[in-house]
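Let's take a quick walk through this model and see how its parts fit together. Have the viewer open as you read.

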Amino acid sequence: MQRLFGTSKPKAPPPTLTDVIASADGRAESVDKKIAKLDAELKKYKDQMAKMRDGPQKNMVKQKALRVLKQKKTYEQQLGNLQQQSFNMEQANFAAQSIKDTQLTVSAMKTSIKTMKKDFKQINISQVEDLQDDMSDLLEQHDEIQDILSRDYNAPEVDDADLEAEFDSLGDMALDDGFLDEALAPPSGVPSAPAATATPAQPAAATAVDEFGLPQVPAS
């Protein structure tokens, strides 16, 4: 049967709103070019009439300009209709796309909730609480151990008031010592006296002695 009658051609998918919007925008662009061409023609007729005197020739040019202007008005109306249609279809396409996005969002949320429920089934809240309590107890024990290790052995017991009084007296002594040091120090900018250098003693001249250690008398 297929050899006798052949097979039917597959039907083409219906155009989408995006396709229709693109077609309308293309037609609007074509009409806009025609309007620009008519504007140039009107300018030419206007310049031509400005150089002509009143008479039949000028009236003929004027009639041509009026016909061109009428065509321009028609194209402008068509352009407005096409632009309005394109705008309406864009709004409808935006709404349709928003619905699809909402469906995808809801589907993703359902999947996430299902996964979370499955994962939560593997978690025992009581075990989590027990682990938290154990951790708290261990930390407390650690703090107690640190306190024990940091205790002072054979340290004298001193009153806090006595310690504060002694600390204040140490501060007063430090201030007094600093004042005396500043008073005894030489003024800044004055060079200190150079230290005296010892002059080395000249060695005495050697004296000849006799065999008994007495100085020899020079011969006359």
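Buried here means under 20% relative accessible area, and partly exposed covers the range from there up to 50%. Keep in mind that this is a predicted model.

With that cut-off, Lys58 counts as buried because its relative accessible area is 19%. Lys58 sits in helix α3 and, leaving aside residues up to four places away in sequence, touches Met49, Met52 and Arg53. Met116 also has its place in α3, but at 47% relative accessibility Met116 is partly exposed.

| Residue | Relative accessible area | Class |
|---|---|---|
| Lys58 | 19% | buried |
| Met116 | 47% | partly exposed |

How far apart are the end C-alpha atoms of α3? They are 95 Å apart, which agrees with the 96 Å that the 65 residues of α3 (residues 56–120) should span at 1.5 Å a residue. Besides Lys58, the buried residues of α3 include Val61, Ala65, Val68, Lys72, Leu79, Leu82, Ser86 and Met89. Part of what covers the buried residues of α3 is α2 (17–50).

Met116 shows up again on the surface: together with Phe120, Ile123 and Val128, Met116 makes a nonpolar patch of about 410 Å².

Now for the whole chain. The secondary structure comes to five helices and zero strands. Of the 220 residues, 8% count as buried. The chain exposes about 20600 Å², with carbon and sulfur atoms supplying 58% of that area. As for contacts between residues at least 6 apart in sequence, 67% join residues at least 24 apart.

Methods: Residues numbered from 1 in each chain as written. Predicted model: local features only at pLDDT ≥ 70, side-chain atom pairs only at ≥ 80, totals over all residues. Heavy atoms only, no water. Helix = DSSP H or I, 4+ residues; strand = E, 2+ residues; numbered from the N terminus. Expected span 1.5 Å × (residues − 1). Buried < 20%, exposed > 50% of the residue type's maximum accessible area, 1.4 Å probe, protein only. Contact = heavy atoms within 4.5 Å. Patch = residues over 30% accessible without salt bridge, like charges linked within 9 Å, V, L, I, M, F, W, Y side chains within 5 Å. Areas by Shrake-Rupley, 256 points an atom, 1.4 Å probe, with all protein chains shown as cover. Salt bridge = Lys/Arg side-chain N within 4 Å of Asp/Glu carboxyl O.
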